[in-house]
Amino acid sequence: MSKVVVTRRPPGNAIERVRQVADVWMWPENRAIPAEVLAAEVVDAVGVYSMLTDTIDGTLLDMAPGLQVVSNMAVGVDNIDLAACADRGIAVGHTPDVLTDSTADIAWLLVMASTRRMQEGIDLVRAGEWKQWDPEGLLGHDVSRSTLGIIGMGRVGQAIVMRALGFDMDVMYTARSAKPTVETHLGARRVPLDQLLATSDHVVVAVPLTSGTHQLIGERELAMMKPTANLVNIARGPVVDTEALYEALSNGTIRCAGLDVTDPEPLPPDHKLLTLKNCTVIPHTGSSTWRTRTAMADLAADNLIAALTGEPMPHRVPGT
């Protein structure tokens with residue numbers, strides 16, 4: 001059987017299914033595969049089962065003349081040079097849909113945790129500094145009946161709107177195209193980005209990372225936001241300018257932020273963002289539930305197996 005490279009063991013039995021159609025070489029360690037190891041292993045491979053931490057670019061593809069398919073265990077494919085794959089006739093698969101709810105849940109967790117100063121409260125308790133109830137202690141801001149702005153209205157953005165309904169929020173969004181169903185049935189309003197930034201109490205970033213969204217939120221955009229605003233990023237770290245965000249949080253341009261993704265990622269423990277009480281950071285866990293990650297693993301396996309057996313891939317990236 002032909003060789004497939006798996007860059008990290010996923011949960012569940014997805015790889016056991018791949019073994020039924022291919023010889024599997026799998027990186028055995030619980031960390032990202034080193035680039036040089038991946039380059040050595042793809043030389044004679046027909047498929048790669050990749051993670052978002054793996055860079056699949058033209059240089060790597062040139063080392064793998066027999067490669068037919070890259071199956072990414074992620075929705076985003078910003079780690080893959082899609083044009084280079086298309087030029088070489090390599091199909092690329094990804095895993096949309098299955099992580100929508102868990103990622104929207106994480107967005108909501110960060111909206112709540114950052115605006116209600118959850119990390120500060122946890123730190124206070126753990127440090128033994130919680131002495132008594134204080135009428136002015138850790139005063140945050142309301143989520144209920146506030147204004148939510150969502151940048152990007154894909155599947156995750158729409159799931160976030162569903163969650164906002166229970167909090168009686170005024171919801172607006174910005175996207176490349178209008179979403180009539182979201183507007184008619186969920187009451188969200190499409191507005192220009194500048195208007196969304198200027199009027200939202202909570203801004204959630206939920207767009208894919210592309211050349212057009214790289215540092216979409218920078219110094220100019222942060223300056224437009226309310227001084228009481230909360231910025232939540234569940235997209236990719238480079239969509240937000242890290243230096244500009246640090247300055248905005250430090251000088252009171254905005255009130256707080258909640259980040260599931262960062263730039264760089266992971267943040268080094270001495271990074272200045274981590275010194276800020278008004279910045280809640282979690283380690284890219286948007287899809288981190290057993291059900292979701294197992295479903296992602298299975299879908300990535302489905303894509304890979306289909307490509308290797310001559311069947312249509314359930315979720316092939318357009319243009320590859």
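## Secondary structure and overall form

The chain of this predicted model contains 12 helices and 12 strands. Its C-alpha atoms occupy a box of roughly 70 × 50 × 35 Å along the principal axes. The radius of gyration is 21 Å, which agrees with the value near 20 Å for a compact globule of 320 residues.

Of the 320 residues, 51% are buried. When contacts between residues at least 6 apart in sequence are considered, 60% join residues at least 24 apart. The accessible surface amounts to about 15300 Å², and carbon and sulfur atoms account for 53% of that surface. The chain carries 27 positive and 38 negative charges, and the mean positions of these two sets lie 4 Å apart.

## The largest nonpolar core

In soluble globular proteins, nonpolar side chains tend to be buried together. In this chain, the largest nonpolar core has 30 residues. Ile151, Ile217, Leu222, Leu231 and Leu245 have the most contacts inside this core. Two or more core residues come from each of helix 9 (193–199), strand 9 (202–205), helix 11 (242–251) and strand 11 (256–259). Helix 11 gives the most, with 5 residues.

Which residues does Ile151 contact, leaving aside its neighbours within four places in sequence? The list consists of Thr174, Leu193, Leu196, Leu197, Val203, Val204, Val205, Ala206, Val207, Leu216 and Ile217. Another core lies apart from the largest one; this other core has 27 residues, among them Trp108, Val111, Met169 and Val182.

## Val203 and Thr174, two contacts of Ile151

Val203 is part of strand 9. Its relative accessibility is 0%, so Val203 counts as buried. Beyond its neighbours within four places in sequence, Val203 is in contact with Gly149, Ile151, Leu196, Leu197, Met225, Asn230, Leu231 and Val232. Two of these, Ile151 and Leu231, are also listed among the residues with the most contacts inside the largest core. Asp23, 180 residues from Val203 along the chain, has its C-alpha atom 46 Å from that of Val203.

Thr174 belongs to strand 7 (residues 170–174). Is Thr174 buried or exposed? With a relative accessibility of 15%, Thr174 falls under the 20% cut-off and therefore counts as buried. Not counting residues up to four places away in sequence, Thr174 touches Ile150, Ile151, Gly152, Met153, Val191, Pro192, Leu193 and Leu196. Leu196 is thus a contact of Thr174, and Leu196 is a contact of Val203 too.

## Helix 7 and its cover

Helix 7 spans residues 155–165, and its buried residues are Val156, Gly157, Ala159, Ile160, Val161 and Ala164. An α-helix has 3.6 residues a turn, so residues three or four places apart point the same way. In helix 7, Val156 and Ile160 are among the buried residues, as are Gly157, Val161 and Ala164.

Which elements cover these buried residues of helix 7? The cover includes helix 5 (100–115), strand 6 (147–151), strand 7, helix 8 (180–186) and strand 9. Among these elements, strand 7 holds Thr174 and strand 9 holds Val203.

## Backbone features in loops

Two cis peptide bonds occur in the loop between strand 11 and strand 12 (279–281). One runs from Asp263 to Pro264, with omega near 10 degrees, and Pro264 lies in that loop. The other joins Glu265 and Pro266, with omega of about 0 degrees, and Pro266 is in the loop as well.

Positive phi values appear in two residues other than glycine, Arg145 and His284. For Arg145, phi is near 60 degrees. Arg145 sits in the loop between helix 6 (118–126) and strand 6, and its relative accessible area of 66% means that Arg145 is exposed. For His284, phi is near 50 degrees; this residue is in the loop between strand 12 and helix 12 (290–308).

## Ala297 in helix 12

Helix 12 contains Ala297, which counts as buried because its relative accessibility is 0%. Apart from neighbours within four places in sequence, Ala297 is in contact with Pro10, Pro11, Ala14, Tyr49 and Met73. Pro266, of the second cis bond described above, is 31 residues from Ala297 in sequence, and the two C-alpha atoms are 22 Å apart.

How values were computed:
Residues numbered from 1 in each chain as written. Predicted model: local features only at pLDDT ≥ 70, side-chain atom pairs only at ≥ 80, totals over all residues. Heavy atoms only, no water. Helix = DSSP H or I, 4+ residues; strand = E, 2+ residues; numbered from the N terminus. Rg over C-alpha atoms; globule rule 2.2 N^0.38 Å. Buried < 20%, exposed > 50% of the residue type's maximum accessible area, 1.4 Å probe, protein only. Contact = heavy atoms within 4.5 Å. Areas by Shrake-Rupley, 256 points an atom, 1.4 Å probe, with all protein chains shown as cover. Lys, Arg positive; Asp, Glu negative; His and termini not counted. Charge placed at Lys NZ, Arg CZ, Asp CG, Glu CD. Core = buried A, V, L, I, M, F, W, Y, C linked by side-chain atoms within 4.5 Å.
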